[in-house]
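Please find below my comments on the structure, set out as numbered points. They should be read with the sequence and coordinates at hand.

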Amino acid sequence: MPHISPAATLLLALIALPVGAASAAQARSTQDEMMKLEPSERVEQVCNTRAMGEVQRAGKGMHPDELVAYAYRDPVVKGWKIKAPGAAVRSGGTWYHIAYECETAHDGLDVTSFRYTLGAAIPTSEWGAHYLVGQ
């Protein structure tokens, strides 16, 4: 499984732009790229991107640049919902536990509900066994 797809990376970049900075053409291009993914992968990528955005917006000096939804437990995707209880997010070269639940609409493109819990830093000794790579 990929960590964050190129389409999701573009989506994250667009989310980080100030309101109004992303053109309609860029938004359509991102949506077109996301629609090429299988529905379950699309939901995971959109929700991974949302998780990274929420962690960054929460402050605390976090600037996530990678998320692995399946690091400690496989995520469960049912329809347009995903539960990722064993995910990990990287910020500043350190991985942290994160669990999230996310629901989407409009073919998995729009997040309609989202909850997460950010956990403790993950020891580097565990990174290799859980698909976590350094920067």
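The points below take up the salt bridges, a pocket, the aromatic residues and the nonpolar core.

1. The coordinates come from a predicted model, and the remarks that follow should be read with that in mind.

2. The structure holds six salt bridges, and I comment on some of them here. Within helix α3, which spans residues 39-57, Glu54 and Arg50 are four residues apart, or about one turn of the helix, and their side chains meet in a salt bridge with an N to O distance of 2.8 Å. Arg50 is partly exposed, its relative accessible area being 28%. The pairing is also part of something wider, since Arg50, Glu54 and Arg57 are linked in a network of salt bridges.

3. A salt bridge between strands is formed by the side chains of Asp65 and Arg90, at 2.9 Å from N to O. This pair links distant parts of the chain, with Asp65 in strand β1 (residues 64-68) and Arg90 in strand β3 (residues 81-91), 25 residues apart. The two partners fall into separate accessibility classes: Asp65 has a relative accessibility of 31% and therefore counts as partly exposed, whereas Arg90, at 7%, lies under the 20% limit and so counts as buried.

4. Glu101 and Arg115 form a further salt bridge, in which the closest N and O atoms are 2.8 Å apart. Because Glu101 belongs to strand β4 (residues 94-105) and Arg115 to strand β5 (residues 110-121), the pair ties together parts that are 14 residues apart in sequence. Glu101 counts as partly exposed at 31% relative accessibility, while Arg115, at 55%, is over the 50% limit and is therefore classed as exposed.

5. Both partners of that bridge reappear in the lining of the second largest pocket, where Glu101 and Arg115 are listed together with Val76, Lys78, Lys81, Ile82, Lys83, Cys102, Glu103, Ser113 and Phe114. Two or more lining residues are given by each of β2 (76-78), β3, β4 and β5. The volume of the second largest pocket is about 190 Å³. As to the character of its lining, six residues are charged, four are nonpolar and one is polar.

6. Phe114, one of the residues that line the second largest pocket, also has a place among the aromatic contacts. The structure holds three aromatic pairs. In the pair of Phe114 and Tyr116, the ring centres are 6.0 Å apart and the planes stand at 40°, so the arrangement is classed as tilted. Phe114 counts as buried at 16% relative accessibility, and Tyr116 counts as partly exposed at 27%. Together with Tyr100, these two residues form one aromatic cluster.

7. Tyr100 carries the description from the aromatic cluster to the largest nonpolar core, which has 17 residues and in which Leu67, Ile98 and Tyr100 are those with the most contacts. At least two residues of this core are supplied by each of α3, β3 and β4. The largest share, five residues, comes from α3, the helix that also holds the salt-bridged residues Glu54 and Arg50.

8. Which residues would I keep in view when reading the points together? Phe114 is found both in the pocket lining and in the aromatic cluster, and Tyr100 is found both in that cluster and among the core residues with the most contacts.

Conventions: Residues are numbered from 1 along each chain as its sequence is written. This is a predicted model: local features need pLDDT of at least 70, side-chain atom pairs count only at pLDDT 80 or more; totals for chains, interfaces and linings use all residues. Side-chain values use heavy atoms; hydrogens and water are left out. A salt bridge is a side-chain nitrogen of Lys or Arg within 4 Å of a carboxyl oxygen of Asp or Glu. Buried means under 20% relative accessible area, exposed over 50%, partly exposed in between (1.4 Å probe, protein chains only). On a 1 Å grid over the protein atoms alone, a cavity is a set of points where a 1.4 Å probe fits but cannot get out, and a pocket is an open set with protein on both sides within 12 Å along at least five of seven lines; lining residues have an atom within 4 Å of a point. Grid points are joined across faces, edges and corners, and a volume is the space filled by probe spheres set on the points. Ala, Val, Leu, Ile, Met, Phe, Trp, Tyr, Cys and Pro count as nonpolar, Asp, Glu, Lys and Arg as charged, and the others, Gly among them, as polar. Rings of Phe, Tyr and Trp (its six-membered ring) pair if their centres lie within 6.5 Å; planes under 30 degrees apart count as stacked, over 60 as edge-to-face and the rest as tilted. A nonpolar core is a set of buried Ala, Val, Leu, Ile, Met, Phe, Trp, Tyr and Cys residues joined through side-chain atoms within 4.5 Å.
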